[in-house]
Amino acid sequence: MDHPFLINKNFFYYLGLWATIAVAHFVVLVYLFSVGAFEAGVDSLIFNFLFAGFAFSYWYAIRYTNPEGGLTGFVILNHVIGAVVIVGTCVVIGNYLMAEVVNVPSSLIDTITPLKLFTGFFYYVMIVLVYYLAKSYHELQQKTIAENELVTIARESELNMLKFQINPHFIFNSLNSISSLTTSEPSKAREMVVKLSEFMRYSLKSTEDSMSTLREELNNVNLYLEIEKVRFGNKMMFVSDVSDDVFNMRIPNMVLQPLIENAIKYGVYEAVEASTIKLTASYDNDLLRIEISNSYEPESIVHKGRGIGLNNINNRLNLTFGRDDLMSIKKSDSIFTVNLKIPQSSE
């Protein structure tokens with residue numbers, strides 16, 4: 001920790017404070033002790049100049065003593081000795097210079113010495129308190145910074161953990177589909193391998209950055225859908241209605257794919273006839289609003305799902321934006337709808 005009086009302009013404030021104290025010292029000697037203006041001025045300058053120098057350097061004694069243990073008997077004894085040494089040194093040197101250099105009568109020196117001793121000890125107590133307050137404030141700041149860093153690390157770790165929770169069944173199913181196509185339709189198998197590798201590349205990239213554009217997320221969703229279309233064919237329909245002005249808006253990466261996967265799992269997979277997944281996106285009141293809807297069989301949700309994917313997305317939004325009202329779910333007339341609100345920076 002730097003010296004508190006060497007930070008920014010504090011040194012000039014320190015000098016200004018001691019100049020004010022010296023003036024007050026002069027006034028007290030002149031008007032309360034009837035000391036001559038010349039003698040009072042010299043005594044005030046000598047004593048306060050010496051004390052200001054000792055007080056400034058005393059920070060280094062406090063800086064490295066007993067930072068955590070509080071005011072133990074040893075620390076208190078050190079301060080008593082320090083006070084006696086500093087105040088006594090300032091008074092003795094000041095009185096010597098007053099007597100030998102300025103030729104002030106000894107009777108006058110004896111008259112003002114008790115005042116200097118009293119004010120010296122008062123100065124010492126005040127400066128020590130200021131130093132301890134500055135030290136405690138600095139340590140509190142460092143502790144707060146460390147705690148905030150730990151919170152940030154924990155938050156990032158939790159976000160990364162949530163992003164890593166890609167459904168392994170999708171990868172297994174894709175690999176099984178590729179395996180089946182290698183003999184019947186090799187070209188289609190190669191195409192699926194390319195799309196799967198692009199999808200996985202984006203997934204890995206998403207661990208490095210927290211946000212993507214909506215355009216990038218939609219491109220990734222299309223890759224995912226093209227892979228799944230090999231399994232479901234015409235049974236799966238996807239409709240996208242996205243306003244032109246929202247493609248470059250920011251969105252947490254890998255947040256749409258799990259919702260589309262959820263729609264396929266509980267809509268397309270369970271459906272007897274063709275099922276449609278619809279995605280709409282628009283901008284309103286500093287929010288990117290995204291809606292994903294699909295038909296579903298209510299029984300499939302009850303018996304098969306645990307809502308892990310949806311909870312994952314909700315937790316990520318909460319951690320990213322610090323709000324718990326950014327995701328809502330609606331079920332009506334066999335239509336399952338997920339609504340997302342993604343705050344957009346006003347900058």
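Which helix is F12 found in? Select F12 and you'll land in helix α1, which covers residues 10–32. Before going further, keep in mind that this is a predicted model.

**Stop 1: a greasy spot on the surface**

Stay on F12 and show the surface. Is F12 buried or exposed? F12 counts as exposed because its relative accessibility is 60%, and the cut-off for exposed is over 50%. Now add L6, F11, L15, Y60 and Y64 to your selection: with F12, they make a nonpolar surface patch of about 680 Å². Helix α1 gives the largest share of this patch, with three residues.

**Stop 2: rings inside**

Next, show the aromatic side chains. There are 14 aromatic pairs in the model. Zoom in on one of them, W18 with F51: the ring centres are 5.9 Å apart and the planes meet at 40°, making the pair tilted. This pair ties together distant parts of the chain, since W18 belongs to helix α1 and F51 to helix α2 (residues 37–57), 33 residues apart.

Are these two rings buried or exposed? W18 counts as buried because its relative accessibility is 8%, and F51 is buried too, with a relative accessible area of 1%. For both, the cut-off to beat is under 20%.

Now widen the selection to F5, F11, F12, Y14, W18, F47, F51, F56, W59, Y123 and Y131, and you have a cluster linked by ring pairs. You've met F12 already: it's in the surface patch as well.

**Stop 3: helix α4**

Select residues 73–100, which form helix α4. How far apart are its end C-alpha atoms? They are 40 Å apart, which agrees with the 40 Å that 28 residues should span at 1.5 Å a residue. Colour the buried residues of α4 and you'll pick up, among them, V75, H79, G82, A83, I86 and V87. Further along the list come C90, V91, G94, N95 and M98, also buried.

**Stop 4: strands around β4**

Finish with β4, residues 275–284. With strand β2 (residues 236–242), β4 pairs in the parallel sense over seven bridges. To see one contact, select V239 and its bridge partner in β4, K278.

Then turn to strand β5 (residues 287–295), which pairs with β4 in the antiparallel sense over eight bridges. Here, S282 stands opposite R289 in β5. What sits between β4 and β5? The hairpin has two residues between the strands, and N285 takes a positive phi near 55°. Select N285 for your last view.

Notes. Residues are numbered from 1 along each chain as its sequence is written. This is a predicted model: local features need pLDDT of at least 70, side-chain atom pairs count only at pLDDT 80 or more; totals for chains, interfaces and linings use all residues. Side-chain values use heavy atoms; hydrogens and water are left out. Patches are made of residues with over 30% relative accessible area and no salt bridge: like charges are joined within 9 Å, nonpolar side chains (Val, Leu, Ile, Met, Phe, Trp, Tyr) within 5 Å. Accessible areas come from the Shrake-Rupley method with a 1.4 Å probe; for residues, only the protein chains shown count as cover. A salt bridge is a side-chain nitrogen of Lys or Arg within 4 Å of a carboxyl oxygen of Asp or Glu. Helices (H or I, at least four residues) and strands (E, at least two) are DSSP runs, numbered from the N terminus. Buried means under 20% relative accessible area, exposed over 50%, partly exposed in between (1.4 Å probe, protein chains only). The expected span of a helix is 1.5 Å times one less than its number of residues. Rings of Phe, Tyr and Trp (its six-membered ring) pair if their centres lie within 6.5 Å; planes under 30 degrees apart count as stacked, over 60 as edge-to-face and the rest as tilted. Two strands pair if DSSP finds at least two bridges between them.
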